[in-house]
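User: I'm new to this one. Please start with the ground rules, then take my questions in turn.

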Amino acid sequence: MEQGLFTANNVWMLVATCLVFLMHLGFATLEAGFVQKKNVVNILFKNAMIISIGLLTYCAIGFNLMYPGEDFAGAFFGFGGFGLSMPEGDAGAIAYADGGYTYWTDFIFQGMFAATAATIVSGAVAERIKLNSFLIFSVVLVALAYPITGMWKWGGGWLDANGFYDFAGSTLVHAMGGAAALAAVLVLGPRKGKYVDGKIKPIPGHSMPLAAMGVFLLWFGWFGFNGGSVLSADPVAVSLVFVTTALAAAAGAIGAFIISYAMFKTHDLSMVLNGILGGLVGITAGADQMGPLAAIAIGFIAGCIIPLSVVFFDRAKVDDPVGATSVHLVCGIWGTLAVGIFGSMAGLKQLWIQLYGALAVVAFTFIFSYALMYLLKVTIGVRVSEKEELKGLDVEEHEMHAYSESVEESAFQLSIK
Amino acid sequence: MEQGLFTANNVWMLVATCLVFLMHLGFATLEAGFVQKKNVVNILFKNAMIISIGLLTYCAIGFNLMYPGEDFAGAFFGFGGFGLSMPEGDAGAIAYADGGYTYWTDFIFQGMFAATAATIVSGAVAERIKLNSFLIFSVVLVALAYPITGMWKWGGGWLDANGFYDFAGSTLVHAMGGAAALAAVLVLGPRKGKYVDGKIKPIPGHSMPLAAMGVFLLWFGWFGFNGGSVLSADPVAVSLVFVTTALAAAAGAIGAFIISYAMFKTHDLSMVLNGILGGLVGITAGADQMGPLAAIAIGFIAGCIIPLSVVFFDRAKVDDPVGATSVHLVCGIWGTLAVGIFGSMAGLKQLWIQLYGALAVVAFTFIFSYALMYLLKVTIGVRVSEKEELKGLDVEEHEMHAYSESVEESAFQLSIK
Amino acid sequence: MEQGLFTANNVWMLVATCLVFLMHLGFATLEAGFVQKKNVVNILFKNAMIISIGLLTYCAIGFNLMYPGEDFAGAFFGFGGFGLSMPEGDAGAIAYADGGYTYWTDFIFQGMFAATAATIVSGAVAERIKLNSFLIFSVVLVALAYPITGMWKWGGGWLDANGFYDFAGSTLVHAMGGAAALAAVLVLGPRKGKYVDGKIKPIPGHSMPLAAMGVFLLWFGWFGFNGGSVLSADPVAVSLVFVTTALAAAAGAIGAFIISYAMFKTHDLSMVLNGILGGLVGITAGADQMGPLAAIAIGFIAGCIIPLSVVFFDRAKVDDPVGATSVHLVCGIWGTLAVGIFGSMAGLKQLWIQLYGALAVVAFTFIFSYALMYLLKVTIGVRVSEKEELKGLDVEEHEMHAYSESVEESAFQLSIK
């Protein structure tokens, strides 16, 4: 392979890595915007820790659980050993991954994905989970559940051998993270004051600018998430993925706009924002397989699903402050099925395989997460005290406020009282 | 062409696409920062919808209106048919655009530009326009006015045939969007309380951090806006564009700093921020034609223009909460003329052509937008009620606040009253 | 060299340039978040001016002071003349920098670094420095001190000739900026109310979301800061740098988490955020020389240093609102030494050279900055009046507030009083 092509491929994969990294800022601001003012430090703290813990555990064992090597083709589980093993010089680097990228690039691109699953959970369990329990849950999820289920398809495991298709992770990242979130929320229970006397009380997020910023940053990062999943800079493939990704996100906004207006008779910003995310999650499984019209259809339907799903979960008393289960679990499954309905792989047999694969990953993750969360509940406890929940996690767990008045202003205010 | 070079070109164009996409977050935070607290959800909603609508309409008809094909060379108008047509395999992809990028890349890069025109308008008409009227205005502007005037130059139309030069859109994007903004503001009228008893009352923006963030993000994105307009990754050309773009922005800050200090005897942050944007708009028409000194001169003059223009429009009772007309219309025309004054194309004949082309685009867009806005005014109405304007668009149009206190804190406050 | 490879190299360097540019937004939001509400406009103003002034002065003299040419190899000082000189066509462009990038790319990448030193200072001196004094200080620092000390290593000067190693600037950028910050703070003195009656009074930052956003953006930008310092897109080298950079940042978070919990018995968000930055500064000197384990060790130790160093400086009454001296000076020196302890250059002789080089740069910068600041103090003054400090710099220097209530809301509030 010519050096220029190898270099261009690798440059793109590293740019994609940066973009996926920035999604963690997107998740951080989205979740911070959708929680109450008194729990903002807590959610920022969790997001800063998740990406850090995620990279380190993926380095220690995740990468080699997810890509255990060719010996484990078709398997349910494999492990390639602890830590990272060096590539064998420049020739080895080019041979690695057919000239798409180096060994190091492979690790760091995949590592940025790994922490996403835990981040999805963090929004859903926000405002009432104990920090330490959440961190332990995250470590185990990222270290074990994510790479094991990921291996089933991307590591050449049994789902891959059975023809399951998931281009960039509608199932392996999003439905997986969403299933973990749902399990965690069920063990944890809703926030105090959310469901009172059979009524659903809205608890508005504290900052819409932060939430909107998060969605734009996630959309931005998704060009790397999907575009990097081509695993080379192949011009036609990557640019098609850009087109399908962008159109699905745009159509998701329109779908959510229409359905939420029909349902609530108002222009609901959080629905449109989640509609964009739903469109992005929906296109992720087949972003390389669709034409523009199919991409628009998939995104539009995902956007329509969002308000329906959010209301459904709320009626079922599944309290998810940011709508993570609707966005990631429901639209993740939808996107996985869409590969069997639209585009170049459409067909009843494929649709069946897609359903099968999605359910397998979701079921495994749900059971794993429920068991883990339950174990934490009966040991160290998963929920903060009622007093702490009312006062806010920022004061109790972090001894600080997200927003502070200027010292002299406060002094001034005290002096005039 | 060697595969490595084609791939590298296409990678750069896709990275530029991402950067231009992020400008929409820049516009969103800039505009959100410069409006009042009670209208923040509304401006965020509009920005999320604009990029979505913009991409979809550009896919449906805009792209083929703007680039109708070689048959329409030198024309005023052309249309290549609805939707996107697939490229003919890898060989076709390389042949497309002389190996600079693929068909898909072309569409998505151009599509990110298209929505910009409507975004420029959204800031100027903020805080008093009806949401539905604005959305209809945006759709028509992006679907028709932007691609038709864009075709005049970039689609090989009559301005191109006459030697008009506009590298990345000082006229075709910025003056065009600014002219539409001016027309919309004139039909709409100023905000209540802005011009009272012959006095200009300042209505301060609600968050300077959001505004400043917007400017940094726009500057960041501009490297893709101008750098991508090279339409390949040609190393000398793209890197020169980076240098001229950055120096013009920097000089714009200095120009606005000096003139605004001379005028107001204070260090006005919004002037410096808009000075940076003015410098960026100013360099855009000739970013590939200038050396470093010319770029500094163009940016510096653009920065000096900003405070003068803002005061001029305010005295003329053109109420533009974010200064969009000054930044995009005035500095857009200045940048277009600058191609005839500085750099490798300087000359009296070119200056004349530049003036001619800028006025043609501005006049067409202004008349088109004024007529469209007037039509909306006499049909569904363009302005919210006085009560709604006072209460804020967030509550009336969106039934939510941009910022909320924590639920229990509020309850606590109620209980102690 | 094949055109594709040259182009891919140059694309990467330009992407890295964009990433480093965005670090200025990261610094702006980090510093804005850590200061009080009444000084936010001021810090944003300074950050917008610093990048602008930095680019212009680097264009005028900095670049040619830092890279004076081969005649000055091994020297203490050299100057290649004012302004930028054009490259000699495409052949010249490829020959320049061995096909890594063009002359223009070289300038703009280095120019984005140059302003960083002044930005580091701006956080440390926040909330009490006179704007004009700070701007003069910044101009001189960026124009003279940064390029002169930078030339010692990167321009082929005496430290380079002596075997000193600093891959991307733990010493040349970070310890340098941190030393300037320390000198400036010592001349300036602490904020009023910070050290009262022998007690240290915390002055909390006004917005943790802004601060957290800054750290994520800085981490994002650091992939360009370190990754671009490879000075080509060499796949193995750049991807290794990505891995070491990311792992060190992650380990920095863990180190700061553990030590700050041990010290303060709480989960301190600002410590974890600064721990990430400490890890990034720490790995910067040897990001291309380390394996994953060494990178984790370096970042972890840097993270552990942060809470200790912050407390140390606070006890020494060095009032640094954002912790810039701990992050940049202390971890910068640590990272420089780490090149002699870990990785492929480890050795007692190298350790000695590293110490020697770091101290040389720190000492020169400290003396230079102290003298400059002292000169400003005895001439135009460096500190705002006590009244201005209490009222806030935003009102006094900028006549505006960072955050404003909506006009009608305020009017409403007045009317009900």
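Analyst: Here's the key term: two residues are in contact if their C-beta atoms, placed from the backbone, lie within 7 Å. What you see is a predicted model, where local features need pLDDT (the predictor's confidence in each residue, from 0 to 100) of at least 70, side-chain atom pairs count only at pLDDT 80 or more, and totals for chains, interfaces and linings use all residues. Residues are numbered from 1 along each chain as its sequence is written, while chains are lettered from A and ligands numbered from 1 in the order in which they are written.

User: Which element gives the largest share of the side of chain A that touches chain B?
Analyst: Let's start with the interface: 52 residues of chain A are in contact with 52 residues of chain B. On chain A's side, helices 1 (3-34), 8 (208-227), 9 (235-264) and 10 (269-284) each give two or more residues; helices here are DSSP runs (H or I, at least four residues), strands are E runs of at least two, and both are numbered from the N terminus. The largest share, 14 residues, comes from helix 9 of chain A.

User: How many residues of chain C are in contact with chain B?
Analyst: Chain B brings 52 residues to this meeting. On the other side, chain C's number is 55.

User: What are the class counts for the side of chain B that touches chain C?
Analyst: Helix 9 of chain B gives the most residues here, 14. For the classes, Ala, Val, Leu, Ile, Met, Phe, Trp, Tyr, Cys and Pro count as nonpolar, Asp, Glu, Lys and Arg as charged, and the others, Gly among them, as polar. Sorted that way, this side of chain B has 36 nonpolar, 12 polar and four charged residues.

User: What span should helix 9 of chain B have, and how far apart are its end C-alpha atoms?
Analyst: The rule multiplies 1.5 Å by one less than the number of residues. For the 30 residues of helix 9 of chain B that gives 44 Å, which agrees with the distance between its end C-alpha atoms, 43 Å.

User: How many residues of helix 9 of chain B are buried?
Analyst: A residue is buried if 20 or more other C-beta atoms lie within 10 Å of its own, exposed if 12 or fewer, and partly exposed in between, with C-beta atoms placed from the backbone. Helix 9 of chain B is mostly covered, and of its 30 residues the buried number is 24.

User: What kind of axis relates chain B and chain C?
Analyst: We superpose by least squares on the C-alpha atoms of residues with pLDDT of at least 70 in both copies. A 120° rotation with 0.0 Å of shift along its axis lays chain B on chain C, at an RMSD of 0.0 Å. That relation belongs to a three-fold axis.

User: What radius of gyration does chain A have?
Analyst: It's taken over C-alpha atoms, and the globule rule is 2.2 Å times the number of residues to the power 0.38. For 417 residues a compact globule would come out near 22 Å, which agrees with chain A's 21 Å.

User: What average pLDDT does chain A have?
Analyst: The model as a whole scores ipTM 0.96 and pTM 0.97. In chain A, 96% of the residues score at least 70, and the average pLDDT is 93.
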